[in-house]
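Visitor: I'd like a quick walk through this one, question by question. Can we pull it up?

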Amino acid sequence: MFASMLGVVRRIPRGKVSTYGDIAYAAGFPGRARQVAWALHSSHGLPWHRVVGAGGKLLMPGEYGFEQRLRLEAEGVRFAGLRVRMELHRHAWFRRKGARKTVRRKRR
DNA sequence: AGGGTGACGATCA
DNA sequence: ATGATCGCCACCC
């Protein structure tokens, strides 16, 4: 399980990000976002900074969170306050039918 | 075996 | 928007 998840993380292109939930889903384990976190825990040499929480939030506390932000900005990822602009950088593994309401349309 | 933890996430107050 | 709750499940006592 961890192997597949890590494989998915490895395929996130530069300048893009993915969420724990999406990674779990793409790896074939929907709903196991926490295990993705564990997988990253027990590994190294991966683009871990391209993994963010739902909604683009940086979840890592302290120094690492800071470093993650620097790394992402260095790749051209734009932020909106404390969150990554998912509508610009979320990596689409493949189209999910419902397409979720990920792209929340603005009210008017 | 049993209980607590967590780099999660959706839902509800 | 924020905080609590619950569902999730591999790990670590």
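**A look at M1, the DNA side and V8**

Guide: Sure, and keep in mind that this is a predicted model. Let's start with M1, which has a relative accessibility of 35%.

Visitor: So does M1 count as buried, exposed or partly exposed?

Guide: Buried would need under 20% relative accessible area, and exposed over 50%. M1 comes in at 35%, so the class is partly exposed.

Visitor: Which residues form a nonpolar patch on the surface with M1?

Guide: M1 itself is found in the segment before α1 (2-10). The patch has about 310 Å² of accessible area in total, and M1's partners there are F2 and W38.

Visitor: Which helix gives the largest share of the surface near DNA strand C?

Guide: The residues around that strand are M1, F2, R32, R34, Q35 and W38. By class, they come out as three nonpolar, one polar and two charged. The largest share, three residues, comes from helix α3.

Visitor: How far is the side chain of Q35 from a base oxygen of DNA strand C?

Guide: Of the strand's atoms within 4 Å of the protein, 64% belong to sugar or phosphate, with the rest in bases. On the base side, R34 has a side-chain N or O atom 3.0 Å from a base oxygen. For Q35, a polar side-chain atom lies from a base oxygen at 3.0 Å.

Visitor: And V8, is that buried or exposed?

Guide: V8 sits in helix α1, and its C-alpha is 8.6 Å from that of A24, 16 residues apart along the chain. Its relative accessibility is 2%, so V8 counts as buried.

Note on methods. Residues are numbered from 1 along each chain as its sequence is written. Chains are lettered from A and ligands numbered from 1 in the order in which they are written. This is a predicted model: local features need pLDDT of at least 70, side-chain atom pairs count only at pLDDT 80 or more; totals for chains, interfaces and linings use all residues. Side-chain values use heavy atoms; hydrogens and water are left out. Patches are made of residues with over 30% relative accessible area and no salt bridge: like charges are joined within 9 Å, nonpolar side chains (Val, Leu, Ile, Met, Phe, Trp, Tyr) within 5 Å. Accessible areas come from the Shrake-Rupley method with a 1.4 Å probe; for residues, only the protein chains shown count as cover. A salt bridge is a side-chain nitrogen of Lys or Arg within 4 Å of a carboxyl oxygen of Asp or Glu. Helices (H or I, at least four residues) and strands (E, at least two) are DSSP runs, numbered from the N terminus. Buried means under 20% relative accessible area, exposed over 50%, partly exposed in between (1.4 Å probe, protein chains only). A residue is near a molecule or strand if one of its heavy atoms lies within 4 Å of it. A polar contact is a pair of N or O atoms within 3.5 Å; within protein, one must be able to donate a hydrogen and the other to accept it, and residues adjacent in sequence count only if both atoms are side-chain atoms. Ala, Val, Leu, Ile, Met, Phe, Trp, Tyr, Cys and Pro count as nonpolar, Asp, Glu, Lys and Arg as charged, and the others, Gly among them, as polar.
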